[in-house]
Every structure is written in structure tokens, then in C-alpha cells.
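Grab your favourite viewer and work through the exercises below. Each one sets a task and then walks through a solution.

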Amino acid sequence: MSKQWVYRFNELDAAEEYVGGSWDRVRSLLGGKGANLAEMVRIGVPVPDGFIITTEACNEYLSLGERLPDGLWEQLTTSLKAMEASTGKTFGDPKNPLLLSCRSGAKFSMPGMMDTVLNIGMNDDTVKGLIAKTGDARVAYDLYRRLIQMFGSVVMHIPDDKFEEVITRTKREAGVKSDTELTGDHWMAVTEEFKNVFRFHTHHQFPTEPYAQLQMATEAVFMSWNGKRAIDYRNAAGIAHDLGTAVTIVAMIYGNLGDDSGTGVALTRSGTTGEKRIEGDYLTNAQGEDVVAGIRMTKDLSELKVEMPAVHAEFERVAMLLENHYRDMQDVEFTIEKGKLWMLQTRDGKRTSQAAVRIAVDMAEEGLITKEEALMRVTPDLIDFFFHPQFDSQAIKDAGLNNKLLAKGLNVSPGAAVGVVALDADLAHLWGKEEGKKVIMVRPETRPDDVHGMLASQGIVTSRGGRTSHAALVARQFGKPAVVGVDDMDIDLTRRQITVGSKIVKEGDYISVDGTTGEIFLGKIETKQPDIKDEWLIKLLSWADEFRTLGVWANSDYPVDAARAREYGAEGIGLCRTEHMFMQAERLPLVQQMILAEMEVQRTEAIKALLPFQREDFTGLFRVMNGLPVVIRLIDPPLHEFLPDHVSLTRELSDLKIQLQHAPHLEAIDDLLKQVRVKEKVLSRVEVLREDNPMLGLRGVRLGNHFPDLTRMQVRAIIEAACLVAKEGGDVRPEIMIPLTSHVNELKFQRELLETEAKKVMVEQGIKLNYKFGTMIEVPRAALTADQLAEYAEFFSFGTNDLTQTTYAISRDDAESGFLIEYMVHGILPENPFETIDHDGVGELMRIAVEKGRKTNPDIKLGICGEHGGEAKSIALCHKLGLNYVSCSPFRVPLARLAAARAAIEAGK
Ligand code: PEP
Ligand code: MG
């Protein structure tokens with residue numbers, strides 16, 4: 001007996017038995033689509049009858065040199081007979097014809113495979129039978145011509161426009177605008193002309209014998225597995241070439257057989273808000289494509305309740321059945337044929353981030369899924385999305401109906417952006433940065449010297465390129481919504497305009513770009529800011545807190561940011577960069593005075609003058625973070641950052657000297673000379689401080705050791721502020737952190753200095769406070785000697801920004817707008833190490849530091865405060881390494897809470 005090549009939809013058990021039970025292998029055998037249809041039948045969903053020709057049959061067909069395997073055709077005809085019995089229709093019977101659809105269906109959904117052929121079984125006899133049965137020549141010939149058109153283009157590769165030309169001409173001659181206005185006679189004439197088109201291009205008659213149609217369509221599916229597009233796609237997506245495709249044959253159902261028929265699409269819950277309410281559109285007396293084509297106004301599904309109450313009730317039952325079975329919101333397609341509901345397809349529905357959160361939470365509360373599953377269903381990037389504007393869904397719908405959709409491309413960087421079109425980077429920069437306009441940069445593709453324009457834009461569009469193109473990588477890097485590979489878009493850089501079909505957009509016109517869906521619209525579309533106080537998000541994050549073991553802290557320098565971080569759930573401040581406080585307008589002169597001082601007493605004066613400012617800053621932070629730890633890092637950047645830069649100083653000085661030569665009178669000369677002297681003094685100091693590699697120079701702990709008074713002042717400000725808040729009744733938990741340590745002696749020196757000063761302040765204030773002392777781990781030497789550092793540190797915080805720079809010897813600021821993107825485009829680096837921790841290099845140093853640090857001091861607290869602390873994959877690594885907490889920007893705190901929970905769940909599996 002030959003192998004079973006064909007399975008009817010109700011033979012899922014047999015297929016499972018054959019492959020040994022695993023669902024994955026059932027999908028390999030029957031293809032994703034076929035397996036799903038069979039599963040729907042098993043759970044009692046009304047699915048049109050059909051059968052599946054297996055992927056094994058496809059592989060056998062190809063290995064036999066394109067010959068059907070023995071036994072396949074007999075099995076196929078037996079299955080067809082069974083379908084005829086169940087439907088009461090007969091394949092090829094002129095009086096009561098059974099018509100079929102034929103689809104490809106590999107294990108994974110795969111563009112590039114053969115498209116669907118509908119209405120197989122139509123011919124000159126069955127068309128007449130159908131007219132006699134339905135009394136509707138228009139419908140019957142429309143079905144027939146669709147078969148010839150699909151068969152011609154899909155199976156025989158005739159260009160589709162050859163058929164479309166006939167329809168366009170027929171409409172023109174009939175003086176009508178839409179297809180629906182054509183009569184039965186028109187479609188009959190079109191059908192005849194289609195046969196001619198078919199003969200002209202293939203040199204064969206259109207096959208009118210139903211079984212011949214079925215066989216040719218089936219073989220075309222098999223052959224499409226080895227088509228160039230399919231092979232290219234598999235290579236790109238990493239899908240094995242030996243899987244083969246299944247063929248799914250399904251009885252056709254018609255929604256256009258009168259007012260008791262119809263067709264529609266629905267989501268089992270709202271895809272916009274996530275509300276538990278079926279949402280959908282349908283059309284009475286219509287074909288499937290009519291709903292999506294947008295030619296006729298669709299009706300809201302609620303109207304079906306009035307129009308066909310029994311069908312509506314059945315639909316609600318089936319929707320629940322599907323949702324309960326798949327345990328997720330479903331996106332379904334259905335057709336009603338003469339009062340009977342049929343489901344054609346179901347899949348997990350697309351949803352906004354708010355809907356994703358609400359659906360996950362609701363389903364967990366309904367008991368459909370567990371809390372862990374709810375947490376695993378909401379990816380951290382969706383949470384991130386709560387903080388970005390999104391297009392209003394009604395506005396998008398209206399734009400679609402008003403023909404505002406300009407084009408569609410690859411959705412490479414999510415988010416919504418609205419702005420005027422700028423066709424080159426310089427203009428985007430000028431409009432965006434200098435004139436404050438909202439700009440969308442549109443280019444054929446982008447290159448490294450376009451980055452300044454991209455940064456100044458709200459969003460980016462390119463007509464060429466794929467998911468790893470320069471534009472896509474830069475956009476994702478900087479969080480700019482982007483759509484690339486918009487093939488239909490013709491960018492004319494001479495006439496400064498974009499053309500898509502008949503639509504023209506001039507430079508300076510508004511467009512709206514949806515990086516989430518890849519759609520580009522004409523004009524401005526309203527955006528809205530999602531709500532962080534969303535009750536479902538709050539609940540989901542509270543569940544995340546139950547599962548996570550990592551603490552989530554925030555990097556904040558000012559009380560307002562700290563307050564926001566607390567509101568978002570931060571459990572401490574993991575990094576306060578004190579130098580940011582020095583940059584403020586009224587403080588900068590004091591900082592400059594301190595740096596420029598020639599005598600020690602002048603420097604001490606300037607440093608002292610800074611004390612009240614710093615104290616005030618810290619007081620605010622301690623008040624907001626009452627009861628929670630606050631890590632304050634002593635000054636870090638090189639001093640030249642506080643001084644005017646060398647080039648502009650030199651220019652200003654030479655300007656002054658020119659003015660001096662033309663000074664009109666003595667008073668002016670005196671004044672100018674004074675200015676020259678000041679500038680010269682600053683310049684000479686800048687020259688002294690100038691370093692070839694400032695990032696590797698006098699910065700971090702080296703600065704505190706170079707100017708001990710600076711450390712003393714900062715420590716005094718911290719402890720005085722802490723005493724003040726403690727006296728108010730506050731619970732203060734200061735932690736003082738030293739940056740960029742590389743040798744244990746640096747730490748030792750700082751610690752002695754700091755402890756002496758702290759003690760002094762506490763005696764003055766009459767209070768004894770607890771505070772912690774720790775260091776950042778930002779250079780490889782610190783990681784490798786963590787056992788020594790741990791003798792003097794109660795905590796470590798990984799500064800992975802610098803640790804990545806120092807491990808790779810890459811300057812982040814220079815590289816990210818330069819060669820780093822090139823490295824990613826060419827796949828030299830798989831990911832940007834400044835975005836996701838480099839697991840093998842930086843991650844390994846962290847692992848060593850954790851191990852060595854804990855060996856010396858098992859109670860040492862370990863955290864991370866580099867930007868990676870807010871990135872999901874890096875958070876998972878931190879969990880694995882056993883850190884105590886991650887610290888990130890306040891806006892990323894919710895994301896980090898979720899990512900930490902997911903890491904814990906994943907690790908516990
Ligand atoms: C770091 O290097 O990771 C860090 C947090 O310090 P900064 O970014 O201030 O250099
Ligand atoms: Mg650093």
C-alpha cells in the first residue's frame with residue numbers, strides 16, 4: 001500500500017498518529033495553514049470541507065523529477081468523493097457544481113510561494129449550471145473569469161495586467177467606474193477574452209476539465225517551493241529547504257448568493273483598546289475581497305445581529321470557542337452562504353500596545369492564561385511604546401477610507417511620526433534643527449554622512465533597502481520611526497518630489513509615517529500619547545514585581561526626575577551624575593573659576609562657593625527618595641568640558657586682536673586689552689588641560705585624587721544634606737560612588753579622604769548617619785581586580801557605557817555616527833554593543849567582577865547604571881549574572897520591571 005499523501009480535515013488524529021503526536025511535526029506534515037484548519041474542524045468550528053496534500057508528497061514529487069507519487073491521485077479522488085458526499089455537490093457537475101480553492105501552505109508562513117487559485121471547477125458547463133441554479137449570470141461569470149485570471153497569472157505566470165487591461169477597457173466601453181456595475185453579459189464577454197489572453201500567452205486552450213485544473217494547480221504549488229522567490233526568502237529567513245509545502249484544497253463558499261449571504265472579518269477583542277468585545281466589519285451579498293478592497297462601505301458587525309440574528313449568535317459562539325482554544329485574541333475571516341456561517345481563517349490578531357497589555361491581563365484574570373504567560377506575552381518593547389506617541393486608530397481608518405494611504409514598505413522602527421518631507425540630510429537638518437520644523441527625511445537610501453539629517457528628523461523613509469539597511473539600523477538606534485524599501489515610491493531629486501502612482505508629494509508637504517505598520521499617509525494624521533496610568537499596565541507591572549528578583553532603580557540627577565522614577569516604580573536612585581549640576585548657568589562660572597585658579601586658596605574659595613548649590617540638590621533628592629537608596633557619584637568628566645573649547649577661544653582671541661588694531665580711542669583699547677588678557681588666561685589653562693585622549697585622561701577618580709578639595713566639598717554637601725533631611729524626620733540612605741576606578745589604591749585614597757570629611761560633618765551636625773561607599777566598574781582592570789576593590793567597596797555599579805568603550809577601545813560618540821553603523825550593515829558586529837551588552841566581552845568581564853567581588857565580600861551589592869540597564873536583553877544578562885539591581889532612565893523603569901520579571905520566568909523554566 002502506498003503512503004498516505006492526503007489527509008481530510010477530519011483526519012487530524014491519523015496525521016498525529018503518523019508523526020508521533022508532536023504538533024510541531026503535524027505542522028511539518030500538513031503545513032501551518034492545513035494543520036490549523038484541521039484543528040478548527042476538530043474543536044467544532046464550522047470550516048468548509050477540504051483536505052491537505054502533505055509536504056512529503058511535495059518532496060516526493062520534486063525528487064521524482066516533477067511526477068506525482070504513486071497513489072496520490074487515487075487518494076485525492078477518494079477524498080474529493082467524500083467532500084462531494086458531505087457538501088451535496090459534485091466536482092464538475094453542471095447542475096450542482098462543487099468548486100474548490102487551492103492554496104500553498106508550508107510549515108512557516110512564507111511569502112514567495114504560490115498564491116491562491118479560487119473557483120477551480122468552473123467551465124463552460126458549470127457556469128451555465130450555476131446560472132440556472134442561482135439565476136445570477138453576473139455572479140456566475142464573475143467566478144469563471146476570476147478562475148481564468150488567477151489560474152493564468154498564478155499557475156501559468158501570465159502578467160496580471162494583461163487581464164486587468166481587459167476589465168479596464170470593458171468598463172470604459174460600458175461607461176462605468178467600478179467592477180460591480182458590470183452586468184452578466186459584460187462578464188461573459190470578459191471571460192471569453194480572458195480565454196484568448198490565456199491562449200495567446202500559453203499557446204494552449206484554457207483547461208476546462210475540472211480534474212485537469214486541479215492537477216495543474218496542485219503541481220504548480222509543488223513547483224513553487226523551488227521558485228526563486230521562495231528560495232531567496234528561505235535563505236534570508238533561515239528556513240530549511242527540505243521542508244516542502246503542503247497543498248490545501250477547500251470547498252468554495254460564496255457570500256454573494258443573495259441577502260442571506262455575506263462575508264466579513266473580525267477580531268475577538270478590540271485590537272485598539274483590548275476591550276472584551278467582538279469588533280468587525282461585514283458586507284451582505286459580497287465576496288471576500290470586497291471587504292478589504294474598500295469599494296463598498298462595510299457594516300459594523302453589530303448590525304448582523306439585526307440582519308441575521310441566528311448567524312450572529314453562532315458567530316459569537318464560534319469566536320469564543322476559537323479564543324478559548326487558542327488562548328489568545330483571534331483575527332478571523334468568515335463567510336455566510338445562504339444563512340450558514342463558515343469560518344475561513346483564524347490567527348492571533350494584531351493589536352496596539354495598550355490592547356496587548358489589557359488582553360494579557362484580562363485573560364489571566366479570566367483564568368485563560370497564567371500570570372507568567374501574561375507577562376511573557378507582553379514584550380518589553382510594547383511597554384516602551386507606551387511612552388511614544390501613536391496614531392489615533394480612528395484617524396488611520398479615516399485616512400485609509402479617504403484614499404490618503406500613499407505607500408507601504410518595511411516597518412523597521414516602530415512609532416508614529418508626522419512632518420514635512422525633506423529630500424536630503426542637509427535640508428532635514430536645517431529645517432529640523434535650526435528652524436524647529438517637524439521633518440520626515442525621505443531618501444532613496446541613507447549613508448553615514450546623512451546621520452545629522454536623520455537625527456534632526458521625526459521619522460525616516462527610504463525607497464530602497466531592507467531590515468538591516470543603514471537607514472533601518474540608524475533609525476532603530478536613535479528610536480526614530482522608519483519605513484524602508486518602499487518600492488512603489490519614485491523620488492525625483494531634481495524636481496524635488498515623490499511620486500507614487502498618481503499621487504505626488506512635493507518637498508515641504510506633510511506626510512505621516514507609521515513605523516509600526518510600514519504605512520505612509522498623505523498629510524497630517526493625529527497622534528495620541530498613551531497613558532502610563534493605564535490600569536491594566538499598572539496591574540501587569542505589579543505582577544512583574546511579584547516575579548522579578550532584580551531590583552529596578554533609576555538614573556536621576558534632579559528631584560523632579562527622581563519623583564517621576566518613583567512614580568514609575570523605581571526602588572532607588574542608582575546613579576546621580578553630580579557634574580550635571582555643575583553645568584547649570586549660575587554654577588558654571590564658579591566651576592570655571594575653580595579650574596582656572598592659579599593659587600590653591602582661590603581654588604578652595606571657588607569650591608566652597610559651590611557647596612550650597614550641591615547641598616540643595618542633594619537635599620531635594622533625599623526628600624523625594626525618602627526611605628530608598630540614593631547613589632551619588634562624585635564628579636566624573638574631564639575638566640575641559642566645563643571650559644570653552646580651544647578652537648572658538650582662539651578665534652575669539654584673534655577677533656579681539658583685530659579689533660584692537662582698529663580701536664578708536666584709549667578707553668576702547670583698555671577695555672579690549674582687558675578682554676584679551678582674560679581670554680589668554682583661559683586659553684593658556686585650556687592648553688594646559690588639553691589632552692589627546694580626554695576620555696582616557698584626567699577624569700573620574702583621578703580628578704578627585706588630583707583635587708582632593710573637590711571630593712571633600714561633594715562629600716560635605718552630601719552628608720550635610722543627609723543630616724538636614726534626617727533632622728526633618730526623613731529616612732536617608734546615601735551611597736557615595738567613585739567613578740572610573742582602575743586601581744585599588746585610587747579607591748583607598750578616596751575612601752580615607754571621604755570618611756574623614758563625612759565624620760567631621762556628622763560631628764558638626766551632631767548626627768550619626770549610615771552611608772555606603774562604593775565604586776563603578778567601568779574599565780577592564782577594575783573588573784579583573786574586583787577582589788581587591790571589594791576590600792574597600794560596599795557596592796559595585798557596572799558603568800557599561802564606559803566599560804564597553806574601554807573594552808572595545810571604541811569611542812561611542814564618534815563610532816555611532818560613523819563606522820559602527822557600517823559594521824552592523826556588513827554584519828561585522830551583529831549588534832550595537834552600546835545598546836545591548838556584548839555578552840562575550842563586556843559580559844565576561846562583568847561575570848569575573850561579580851565572582852571576584854563576592855568572593856572577597858559576599859554581601860557586596862551589585863548593580864548596573866550604564867544605559868544597558870534599561871534594555872531587555874542586557875537586563876536578562878544581569879539577571880543571569882546575579883546582580884542585585886539594574887538602574888536606568890526613569891522612562892525605562894516600567895520596561896525594566898517587566899524585562900526583569902521575564903528574565904526570572906525564563907530562567908525558572
Ligand atoms: C557608564 O559609563 O556606564 C556610566 C554610567 O557613566 P557615564 O555614562 O556617566 O560615563
Ligand atoms: Mg562612565
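## Exercise 1: the pocket of ligand 1

Task: work out how the protein holds ligand 1, starting from its polar contacts.

Step 1. Begin at R633, where an N or O atom of the side chain sits 3.0 Å from an oxygen atom of ligand 1. That falls under the polar contact rule: a pair of N or O atoms within 3.5 Å, where within protein one must be able to donate a hydrogen and the other to accept it, and residues adjacent in sequence count only if both atoms are side-chain atoms. Before going on, keep in mind that this is a predicted model, in which local features need pLDDT of at least 70 and side-chain atom pairs count only at pLDDT 80 or more, while totals for chains, interfaces and linings use all residues. Side-chain values use heavy atoms, with hydrogens and water left out, residues are numbered from 1 along each chain as its sequence is written, and chains are lettered from A and ligands numbered from 1 in the order in which they are written.

Step 2. Add two further contacts. A polar side-chain atom of E778 is 2.8 Å from an oxygen atom of ligand 1, and N801 uses a backbone N or O atom at 2.7 Å from a ligand oxygen. On its own, ligand 1 exposes 290 Å², and the protein buries 88% of that (areas by the Shrake-Rupley method with a 1.4 Å probe; for residues, only the protein chains shown count as cover).

Step 3. List the shell, meaning residues with a heavy atom within 4 Å: L575, R577, R633, D636, M776, E778, G799, T800, N801, D802, C865 and G866. Sorted by class, that gives three nonpolar, four polar and five charged residues. Here Ala, Val, Leu, Ile, Met, Phe, Trp, Tyr, Cys and Pro are nonpolar, Asp, Glu, Lys and Arg are charged, and the others, Gly among them, are polar.

Step 4. Which element gives the largest share of the shell? It's α33, with three residues. Both β27 (573-577) and α33 supply at least two residues each. Helices (H or I, at least four residues) and strands (E, at least two) are DSSP runs, numbered from the N terminus.

## Exercise 2: the magnesium site

Task: find what coordinates the magnesium ion (ligand 2) and where those residues sit.

Step 1. The donors come from E778 (OE) and D802 (OD), at 1.9 to 2.0 Å. A donor is an N, O or S atom within 2.8 Å of the metal (3.2 Å for Na, K and Ca), and water is not among the atoms, so the site may look incomplete.

Step 2. Place them in the chain: E778 is in the loop between β30 (772-777) and α31 (780-784), while D802 belongs to helix α33 (residues 800-808), so the pair ties together parts 24 residues apart in sequence.

Step 3. Are these two buried or exposed? E778 is buried, at 2% relative accessible area, and D802 is buried too, at 11%. The cut-offs are under 20% for buried, over 50% for exposed and partly exposed in between (1.4 Å probe, protein chains only).

## Exercise 3: salt bridges

Task: count the salt bridges and trace one into its network.

Step 1. A salt bridge puts a side-chain nitrogen of Lys or Arg within 4 Å of a carboxyl oxygen of Asp or Glu. The structure has 60 of them.

Step 2. Take E764 and R716, whose side chains meet at 2.8 Å, N to O. E764 is in helix α30 (residues 744-765) and R716 in helix α29 (residues 708-727), so this pair ties together parts 48 residues apart in sequence. R716 is buried at 15%, whereas E764 is partly exposed at 47%.

Step 3. Follow the shared partners: R615, R716, E720, E757, K760 and E764 end up in one network.

Step 4. For another case, try K371 and E546, at 3.2 Å, N to O. K371 is in helix α15 (residues 371-377) and E546 in helix α21 (residues 535-547), 175 residues apart.

## Exercise 4: a backbone check

Task: find where E66 sits and what its phi is.

Step 1. E66 is in the loop between α3 (55-63) and α4 (72-87).

Step 2. Its phi is positive, about 65 degrees, although E66 is not a glycine. Most residues other than glycine have a negative phi.
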